[in-house]
Amino acid sequence: MAENEEFSFETGAAQSELPKIETQKKQNEICHDDSSHPVKAQTIDELHSLQKKKSSPTTPIKGTQGSFTPISDEQRHKQQLQSISASLASLTRETGPKLVKGDPTRKTQTTKDIPHDHHFAPTINVSDSSLKFTHVLYNLSPAELYEQAIKYEKGSFITETGALATLSGAKTGRSPRDKRVVKDETTADELWWGKGSPNIEMDAETFLVNRERAVDYLNSLDKVFVNDQFLNWDPENRIKVRIVSARAYHSLFMHNMCIRPTPEELENFGTPDFTIYNAGQFPCNRYTHYMTSSTSIDLNLSRKEMVILGTQYAGEMKKGLFGVMHYLMPKREILSLHSGSNMGKDGDVALFFGLSGTGKTTLSTDHNRYLIGDDEHCWSDSGVSNIEGGCYAKCIDLSREKEPDIWNAIKFGTVLENVVFDEHTREVDYTDKSVTENTRASYPIEYIPNAKIPCVGPHPKNVVLLACDAFGVLPPVSKLSLAQTMYHFISGYTALVAGTEEGVKEPQATFSACFGAAFIMLHPTKYAAMLAEKMQKHGATGWLVNTGWSGGRYGSGNRIKLPYTRKIIDAIHSGSLLEANYKKTEVFGLDIPTEIEGVPSEILDPVNTWSDKDAYNDTLLKLAGLFKNNFETFTNYQIGQGNELTQEILAAGPNF
Ligand SMILES: Nc1ncnc2c1ncn2[C@@H]1O[C@H](COP(=O)(O)OP(=O)(O)O)[C@@H](O)[C@H]1O
Ligand SMILES: C=C(OP(=O)(O)O)C(=O)O
Ligand SMILES: [Ca+2]
Ligand SMILES: [Mn+2]
């Protein structure tokens, strides 16, 4: 430290000037630039040791005054390792693994120097694994994680714009059929089980079998990554999460996606509220009870733990924690939402609900508005708060012109999953689907220039339900009554295009309750009742926006142009759409505007855009039938206090 001070600027007038360079050297004299000091190193190793300055906390430690004596760095360090060791403890053998902080390849600390506080008297039960040390790479910075990824993880590269390109392995999307939840005395009553529920049951014993498998795998490695971070920007409802993983890719992804603690918050982190053990490179054992494949994502709410085996897709961690929030928040009367959210200059907040690929990220990232978040939010009595600290954008066919803010966010620090790039220039080809169509970029929310930090806002004014209708019969926009909003919220419709498979023309309707059935933990009507109550109380208007097809179904029509959808969204935000003239559609009974600035009027009623009117009617009735069938599961449930809303919701569906 003291040595560095010698490199300070000269005092006096010269301080603000650039150092003079002597151009007239005397002949035969060795060039000696006396404006700088010689390097303070005798060897190359010493020189390298000068390159890295020891980082110090940037925020003062609370309570350093008065009688309270802060704990020493060494003690804090020890407590941190003890906490991580407890997290990684095998429940059946020796207490916890022996941990040491830092990169195993940096031989600055030998095991001789390590305090022997994890030692125990050898007994016959002691296994070989208890004799080794596991290095902990704790909350590394993006730069350090880049180095780890590039050195040790095949398929890691720096792209032309500085992003870290990675491969997620065999899985390039989530595995909802392999997501299991422990059914115990508490969760048996509390959670939604059975038909339509995403919660596939497992018992507590099997959870422990998988947990031990993951923990043993992680402890067998030379090093593990540990991230201690937060969820939820609402300070009163913040959740502390710990993610233990084996890949720098996973650690950087979660660094971006969760809320990043300040150095001070990290020092006082304490015990996490929830822990993820990501042993994704290692499969589950198919002889284990309940296992149906080599992948298993297991949630135990009473242990506050999640175990990931057999998939390295990083989205599994983010959406896994979202499920946890869908359990914890409603217990506190807070509604958890699978939605994006942004805010106008006047403080008007909009929510964007929708299933994957319907436009939450694209439409909440709006250059004229403040971004609160792109995917996961809470709605409490004090307003909305983002659960996350980053965004996760689809980047197939991404273009600078159409989505400039997302384009510009793909820079140093951003994780780019499964994209294809030029081997020499490292220029990414966003149209290339060779690895997957689900290419993704994960970046900290502050990479979006108009992000709202802290990511909180007042009560929403507009609730936009996004459906990507590949049948091409839903109007580009409809204004919804409260009952219709609930009907469509519970239905959670979108259509997937068969896409990559040759010759498949038929779009596939998907109904996913609350626009996120894969993540909800309680019965959909619980969330719906809370949404109805909040929308009513705060006077929010519901809208249904079709970001899918127009002029025919997938195969004959075209996807509604993004600039048109943006104009529609602009009109919702400005309040002008509320004032428009409306007419009612057949079958779905939706109120559609006759005019919107910047949008051709004829596309507002989908019947106009189909040349074959019979085909339009057949398709409309077909989709209405699918809605009806799907809603049958919910007809026996009451929504909210009285029976009135329930009846209204049932009547708000298609009539034919
Ligand atoms: N009219 C449209 N509205 C919204 N998105 C569109 C539209 N047309 C094409 N897209 C594309 O659809 C994708 C929507 O994905 P995204 O916003 O990431 O969805 P989500 O966040 O809901 O998963 C983006 O790739 C976007 O460019
Ligand atoms: C990560 C996901 O989010 P999105 O809603 O952006 O697709 C997902 O659904 O897997
Ligand atoms: Ca999603
Ligand atoms: Mn998204």
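A polar contact is a pair of N or O atoms within 3.5 Å. In this predicted model, one such pair joins ligand 1 to Thr 565, where a polar side-chain atom lies 2.9 Å from a nitrogen atom of the ligand.

**Ligand 1**

The shell around ligand 1 holds 16 residues, and the closest are Gly 357, Lys 360, Thr 361, Thr 362 and Glu 403. Gly 357 makes its contact through the backbone, with an N or O atom 2.7 Å from an oxygen atom of ligand 1, whereas Arg 559 uses an N or O atom of its side chain, 3.1 Å from an oxygen atom of the ligand. Taken alone, ligand 1 exposes 570 Å², of which the protein buries 90%. Two elements, helix H10 (360-364) and helix H14 (562-574), give two or more residues to this shell, and H10 gives the most, with three residues. By class, the shell around ligand 1 divides into three nonpolar, eight polar and five charged residues.

**Ligand 2**

Around ligand 2 stand Arg 174, Lys 318, Lys 319, His 338, Ser 356, Lys 360, Asp 375, Tyr 392 and Arg 440. This shell comprises one nonpolar, two polar and six charged residues. The table gives side-chain contacts to oxygen atoms of ligand 2.

| Residue | Distance to an oxygen atom of ligand 2 |
|---|---|
| His 338 | 3.4 Å |
| Asp 375 | 3.2 Å |
| Arg 440 | 2.7 Å |

Ligand 2 exposes 290 Å² when taken alone, and the protein buries 95% of that area.

**The metal ions**

Lys 319 and His 338, both named in the shell around ligand 2, also coordinate the calcium ion (ligand 3), through NZ and NE2 respectively, at 2.7 to 2.9 Å. This pair links distant parts of the chain, since Lys 319 belongs to helix H9 (residues 315-331) while His 338 sits in the loop between strand S12 (335-337) and strand S13 (339-343), the two residues being 19 residues apart. Both Lys 319 and His 338 are buried. The calcium ion (ligand 3) and the manganese ion (ligand 4) are separated by 5.9 Å.

**Helix H13**

Helix H13 (residues 524-538) has 15 residues, which at 1.5 Å a residue should span 21 Å, and because its end C-alpha atoms are 21 Å apart, the model agrees with that expectation. The buried residues of H13 are Pro 524, Thr 525, Tyr 527, Ala 528, Met 530, Leu 531, Ala 532, Lys 534 and Met 535. Just after the helix, Gly 539 takes a positive phi of about 65°.

Note on methods:
Residues numbered from 1 in each chain as written. Chains lettered and ligands numbered in written order. Predicted model: local features only at pLDDT ≥ 70, side-chain atom pairs only at ≥ 80, totals over all residues. Heavy atoms only, no water. Near = heavy atom within 4 Å. Polar contact = N/O pair within 3.5 Å; in protein donor to acceptor, adjacent residues only side chain to side chain. Areas by Shrake-Rupley, 256 points an atom, 1.4 Å probe, with all protein chains shown as cover. Nonpolar A, V, L, I, M, F, W, Y, C, P; charged D, E, K, R; others polar. Helix = DSSP H or I, 4+ residues; strand = E, 2+ residues; numbered from the N terminus. Expected span 1.5 Å × (residues − 1). Buried < 20%, exposed > 50% of the residue type's maximum accessible area, 1.4 Å probe, protein only. Donors = N, O, S within 2.8 Å, 3.2 Å for Na, K, Ca; no water.
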